[in-house]
Amino acid sequence: MVMSRDSDEQERKLQEADFERHIVVRKRPTSSPKMVHPYSLRVEGTRASDAGELEQAGHLFERALCLAPDNVSCLNSYGQTLVSRGRLEDALACFQRAVAADPRDTRPRHALGGTLRAMGRYVEAVSCYQGILRIHPADITARVGLGQSYRGMGRLEEAAHALRVATKQSSGDSASWTELAQCWREMGRLQKALGACRRATRI
């Protein structure tokens, strides 16, 4: 009888110990919180943007920028998404932040110039493209953007000059010849415009 009581007491203690152990296990976190890298968020954001899920892409880029506020790639990608959503003022601010974060990176400068042109702010766009050309004088895209900005201001001679330089720097760039043809057409130089059109279509 004494053995039975001892056995019961031992069983009770084992059950209590087991109960306490389960309480501790339940209170202990199953895993530590995972750190999310801004690069991963940017990649997810880019995929969402490519899939047309622009609002979701924006949220992902915002999360990435909370972790890395001066990341030029994140700022540039977020700005492009904002442009696609028609939020040009917000995009402009984004690109300006990116330029300030790394003045030598021409990607946000190109995006900034294009956004300024889309907003009709041609004087600022000219300044932006001139800044790119000071960094990379052979940048054809910046040279064409400069010509387009001058053309938007009605300064056709300067536009034609910028575009002519672009065609000389890269004779195989059809965009330069197309823009030059349109510029010469507006200037009434139809023969030159026709010749530029032919060059563009042959490329």
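I take partly exposed to mean a relative accessible area between the limits for buried, under 20%, and exposed, over 50%. The model I am consulting is predicted.

**Entry 1: K192.** I looked up K192 with these limits in mind. Its relative accessible area is 45%, so I record K192 as partly exposed. I place K192 in helix 11.

**Entry 2: the positive patch.** I next asked which residues gather with K192 in a patch of positive charge on the surface. I list R164, K168, R198, R199 and R202 alongside K192. Two elements, helix 9 (156–169) and helix 11 (190–202), each give two or more residues to this patch. I note that helix 11 supplies the largest share, four residues.

**Entry 3: S77.** I then turned to S77, which I find in helix 4, spanning residues 72–84. Is S77 buried or exposed? Its relative accessibility is 18%, and I therefore enter S77 as buried. Setting aside neighbours within four places in sequence, I find S77 in contact with R42, T46 and F61.

**Entry 4: G114.** My last residue was G114, located in helix 6, residues 106–118. With 26% relative accessibility, G114 counts as partly exposed. I also checked G114 against G145: the two are 31 residues apart in sequence. In space, I record 7.5 Å between G114 and G145, C-alpha to C-alpha.

Note on methods:
Residues numbered from 1 in each chain as written. Predicted model: local features only at pLDDT ≥ 70, side-chain atom pairs only at ≥ 80, totals over all residues. Heavy atoms only, no water. Buried < 20%, exposed > 50% of the residue type's maximum accessible area, 1.4 Å probe, protein only. Patch = residues over 30% accessible without salt bridge, like charges linked within 9 Å, V, L, I, M, F, W, Y side chains within 5 Å. Areas by Shrake-Rupley, 256 points an atom, 1.4 Å probe, with all protein chains shown as cover. Salt bridge = Lys/Arg side-chain N within 4 Å of Asp/Glu carboxyl O. Lys, Arg positive; Asp, Glu negative; His and termini not counted. Charge placed at Lys NZ, Arg CZ, Asp CG, Glu CD. Contact = heavy atoms within 4.5 Å.
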